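The following exercises are to be worked with the sequence and the structure at hand. Each task is followed by a solution in steps.

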Amino acid sequence: MAVMKKKGNKGLPGISTASLPDVIFMILFFFMVSTTMRDQELLVRYKLPEATEVQKLEKKSLVSYIHIGPPTLAMQAQFGTAPRIQLNDSYKSTRDILDFIAAERDKLNEADRALMTVCLKADQYTKMGIVTDVKQELRRANALKISYAASKTLGYN
């Protein structure tokens, strides 16, 4: 009988990189779908007041935000340091809240309009007068579901 010899020293085969572009595109597509873009640019600065009893809102798609606070440092030269109301991407007055609420309601479908919530994000040092004026205009616009944004504390003061 003949003796069979193995030819050469065979090592491990190389790793196939043929599917690597497919994996990269799947990951890219996943992050494009799952990431949300910022809806609006903040024109006011605010530090949220602290609260011990904080609840998260259920459906954030039904929430419209009203920001109240002093303008950002870049905008203070033009608008001063008095607290301002930001609706979407611009400063507005309390008279514009009716139109803002109507536009936000028009974005929602008919079944969700009754569930729309307005979230007030006000600076903790904002005077209550401007917040009361906003609440009065929301009452006139029949936007009666209001929530106040706050940061959670442990309550050990």
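**Exercise 1. Overall fold**

The protein chain comprises four helices and seven strands. The model under study is a predicted one.

Task: State in what pattern the elements follow one another along the sequence, and what share of the residues is buried.

Solution.
- Step 1. Reading along the sequence of the protein chain gives the pattern α-β-β-α-β-β-α-β-α-β-β.
- Step 2. The protein chain has 157 residues, and 25% of these are buried. The cut-off applied here is a relative accessible area under 20%.

**Exercise 2. Salt bridges**

Task: Determine how many salt bridges the model contains, and describe each pair by distance, location and accessibility.

Solution.
- Step 1. The criterion is a side-chain nitrogen of Lys or Arg within 4 Å of a carboxyl oxygen of Asp or Glu. By this rule, three salt bridges are counted. As background, side chains of opposite charge can pair when their charged atoms come close.
- Step 2. Lys107 is joined to Glu104 by a salt bridge with an N to O distance of 3.1 Å. Both Lys107 and Glu104 belong to helix H3 (residues 97-107), where they are three residues apart, about one turn of the helix. Lys107 is classed as exposed because its relative accessible area is 60%, whereas Glu104 is buried at 11%.
- Step 3. In the pair Arg140 and Glu137, the closest N and O atoms are 2.4 Å apart. Helix H4 (residues 128-140) holds both Arg140 and Glu137, again with a spacing of three residues, about one turn of the helix. Arg140 has 56% relative accessibility and is therefore exposed, while Glu137, with a relative accessible area of 11%, is buried.
- Step 4. Arg113 pairs with Glu110, and their closest N and O atoms lie 3.4 Å apart. Arg113 is partly exposed, since its relative accessibility is 28%; Glu110 reaches 64% and so counts as exposed.

**Exercise 3. A nonpolar surface patch**

Task: Identify which residues form a nonpolar patch on the surface, and place Met26 within the chain.

Solution.
- Step 1. The patch is formed by Val23, Met26, Ile27, Phe30 and Phe31. Together these residues have about 520 Å² of accessible area.
- Step 2. Met26 is located in helix H1 (residues 20-34).
- Step 3. Exposed residues have a relative accessible area over 50%. Met26, at 58% relative accessibility, therefore counts as exposed.

**Exercise 4. The second largest pocket**

Task: Describe the volume and the lining of the second largest pocket, and then characterise Val54.

Solution.
- Step 1. The volume of the second largest pocket is about 410 Å³.
- Step 2. Its lining consists of 15 residues, and those nearest the centre are Val54, Gln55, Lys56, Leu57 and Tyr148. Strand E5 (117-122) and strand E6 (146-148) are the elements that contribute two or more residues to this lining.
- Step 3. By residue class, the lining of the second largest pocket contains nine nonpolar, two polar and four charged residues.
- Step 4. Val54 is situated in the loop between strand E1 (50-51) and strand E2 (63-69). Its relative accessibility is 33%, so Val54 counts as partly exposed.
- Step 5. Val54 and Ala149 are 95 residues apart along the chain, yet their C-alpha atoms are separated by 8.7 Å.

**Exercise 5. Backbone angles of two asparagines**

Task: For Asn88 and Asn142, give the sign of phi, and determine where each residue lies and how accessible it is.

Solution.
- Step 1. Most residues other than glycine have a negative phi.
- Step 2. The phi of Asn88 is positive, near 55°. Asn88 occupies the loop between strand E3 (84-87) and strand E4 (90-92). With a relative accessible area of 32%, Asn88 is partly exposed.
- Step 3. Asn142, which is not a glycine, also has a positive phi, of about 60°. Asn142 sits in the loop between H4 and E6. The relative accessibility of Asn142 is 52%, and it therefore counts as exposed.

Note on methods
Residues numbered from 1 in each chain as written. Predicted model: local features only at pLDDT ≥ 70, side-chain atom pairs only at ≥ 80, totals over all residues. Heavy atoms only, no water. Patch = residues over 30% accessible without salt bridge, like charges linked within 9 Å, V, L, I, M, F, W, Y side chains within 5 Å. Areas by Shrake-Rupley, 256 points an atom, 1.4 Å probe, with all protein chains shown as cover. Buried < 20%, exposed > 50% of the residue type's maximum accessible area, 1.4 Å probe, protein only. 1 Å grid on protein atoms, 1.4 Å probe; cavity = no way out; pocket = protein on both sides within 12 Å on 5 of 7 lines; lining within 4 Å. Points joined across faces, edges and corners; volume = space filled by probe spheres on them. Nonpolar A, V, L, I, M, F, W, Y, C, P; charged D, E, K, R; others polar.
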